[in-house]
Amino acid sequence: HEIEQYIETGLREDWFEAWLQPIVGLGDGQIVGFEALMRLDHPEKGLMPPGKIIGIAEETGTIGRIGDRVLDKAIRHLAAISKLDGTQNTYLAVNFSPLQFELTLPHKLAALLLKHHISPQRIVIEITEAVLMLDNPEVHAVLKQLNEFGCRIALDDFGTGYSSLSYLNRFPVDIVKVDQSFTRSLSSGTADVRRKSRMLIKGIRTISHQMGCTVVAEGIETKEQWQLLRKLGVDNGQGYLFSRPMPIDGMLALLENES
Ligand code: G
Ligand code: G
Ligand code: MN
Ligand code: NA
């Protein structure tokens, strides 16, 4: 498969990057953290779609090596941001595939954080239901260890899976990320669809807060969506309205201009 070839060459030639998208407080629009998003930047073909890369990497078993590479880069980027803004205030959210939860992960992460002087409290592990649905004792042990180490756990794409609510009870989830489809349906479709979307988000927000979780809305593209989500009590958000995902150089320039 040609994508497999790109992955192997990409690992060898260092084409994998962690792009960053800011996550902001919906009250004031200030940046609270960044989500790292994997990009494979082929020198001739340009950016490869991450969804496809990840799917194939999971099948062929290269996802572990890619994940390590992206994690390393993302933590370096957070250190660079801290150096620029002189604070330790922002967090870094990293996406993890089910296959990445090996017993060596906590130790690997700890070593990286030590190397770059980043505290574990600034790291958010983003997982989807797929990770929890495995019902694998090793995965649960690793998640618990990461949580005890100080990292937070975010449940990504919330509301699109099967039985998300019970996971809030059974796992150490700290952050609920409401899927972008909810944000989209706030401002499209009939008045009835929009009203029901508001009720759904409000319900998710209420349950999440009662379980002690922070709520993040994804895919915010308009001011109207921002204001609605703020009124619905959603804590934080991300989306093209605030910033597209971008390479670290662009992010540092943006942060410098803002300060
Ligand atoms: O970055 P968007 O640009 O297209 O990402 C597409 C999908 O890939 C999303 O579902 C996102 O969660 C996932 N993704 C992005 N980066 C990573 C990564 O580093 N690791 C894993 N496992 N998934 C990622
Ligand atoms: O599955 P996960 O939530 O990790 O994936 C995030 C995906 O959403 C990435 O592909 C990212 O590029 C994309 N994304 C981020 N903000 C927006 C947005 O405002 N609109 C749309 N359509 N996609 C977004
Ligand atoms: Mn995510
Ligand atoms: Na999501």
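# A quick tour: helix pairs, two ligands and two unusual loops

H1 and H2 count as roughly perpendicular to each other, because their axes cross at roughly 85 degrees and angles from 65 to 115 degrees fall in that class. Keep in mind that this is a predicted model. Below you'll find how some helices pack, what surrounds the two ligands, and two loop residues with a positive phi.

**H1 against H2**

- The axes of this pair, H1 and H2, come within 10 Å.
- On the H1 side, the residues that touch are Ile3, Glu4 and Ile7, and they meet Lys52, Ile53, Ile56, Ala57 and Thr60 in H2.
- Sort the residues of that H1 and H2 contact by class and you get five nonpolar, one polar and two charged.

**H3 and its two partners**

- Two packed helices are described by the angle between their axes and the distance between the axes.
- Take H3 (residues 63–85) and H11 (residues 248–258): they pack at an angle of about 20 degrees, and their axes are 11 Å apart.
- H3 and H11 are therefore roughly parallel to each other, since angles under 35 degrees count that way.
- The crossing of H3 past H11 is right-handed.
- If you want to find the contact, look for His77, Ala80, Ile81, Leu84 and Asp85 in H3, which meet Ile248, Leu252, Leu255 and Glu256 in H11.
- The H3 and H11 contact is made up of six nonpolar, one polar and two charged residues.
- H3 also packs with H4, where the axes come within 10 Å and cross at roughly 25 degrees.
- That angle means H3 and H4 are roughly parallel to each other too, and H3 passes H4 in a right-handed crossing.
- Here Asp68, Leu71, Asp72 and Ile75 in H3 meet Lys108, Leu112 and Leu113 in H4.
- There's no polar residue in the H3 and H4 contact, which has four nonpolar and three charged ones.

**Around ligand 1**

- Ligand 1 is surrounded by Leu37, Met38, Pro50, Gly51, Ile54, Gly67, Val70, Asn95, Phe96 and Ser97.
- Strand E2 (31–42), helix H2 (50–60) and H3 are the elements that each give two or more residues to this shell.
- H2 supplies the largest share, with three residues.
- You won't find a charged residue in the shell around ligand 1: six are nonpolar and four are polar.

**Around ligand 2**

- Ligand 2 has 14 residues around it, and the ones that come nearest are Gly219, Glu221, Gly239, Tyr240 and Pro245.
- Charged residues do turn up in the shell around ligand 2, with four of them alongside six polar and four nonpolar residues.

**Two loop residues with a positive phi**

- Most residues other than glycine have a negative phi.
- Aspartate 14 isn't a glycine, yet its phi is positive, at about 65 degrees.
- You'll spot aspartate 14 in the loop between helix H1 (2–13) and strand E1 (16–25).
- Aspartate 14 has 10 other C-beta atoms within 10 Å, so it counts as exposed, the cut-off being 12 or fewer.
- Histidine 117 is another residue other than glycine with a positive phi, near 55 degrees.
- The loop that holds histidine 117 runs between helix H4 (105–115) and strand E5 (123–127).
- With 11 other C-beta atoms within 10 Å, histidine 117 is exposed as well.

Terms used
Residues are numbered from 1 along each chain as its sequence is written. Chains are lettered from A and ligands numbered from 1 in the order in which they are written. This is a predicted model: local features need pLDDT of at least 70, side-chain atom pairs count only at pLDDT 80 or more; totals for chains, interfaces and linings use all residues. Axes are lines fitted to C-alpha atoms, for helices over the stretch in contact, and angles run from 0 to 180 degrees between N-to-C directions. Helices (H or I, at least four residues) and strands (E, at least two) are DSSP runs, numbered from the N terminus. Angles under 35 degrees count as roughly parallel, over 145 as roughly antiparallel, 65 to 115 as roughly perpendicular and the rest as oblique. A crossing is left-handed if the near helix is turned anticlockwise from the far one by less than a right angle, and right-handed if clockwise. Two residues are in contact if their C-beta atoms, placed from the backbone, lie within 7 Å. Ala, Val, Leu, Ile, Met, Phe, Trp, Tyr, Cys and Pro count as nonpolar, Asp, Glu, Lys and Arg as charged, and the others, Gly among them, as polar. A residue is near a molecule or strand if its C-beta atom, placed from the backbone, lies within 6 Å of it. A residue is buried if 20 or more other C-beta atoms lie within 10 Å of its own, exposed if 12 or fewer, and partly exposed in between; C-beta atoms are placed from the backbone.
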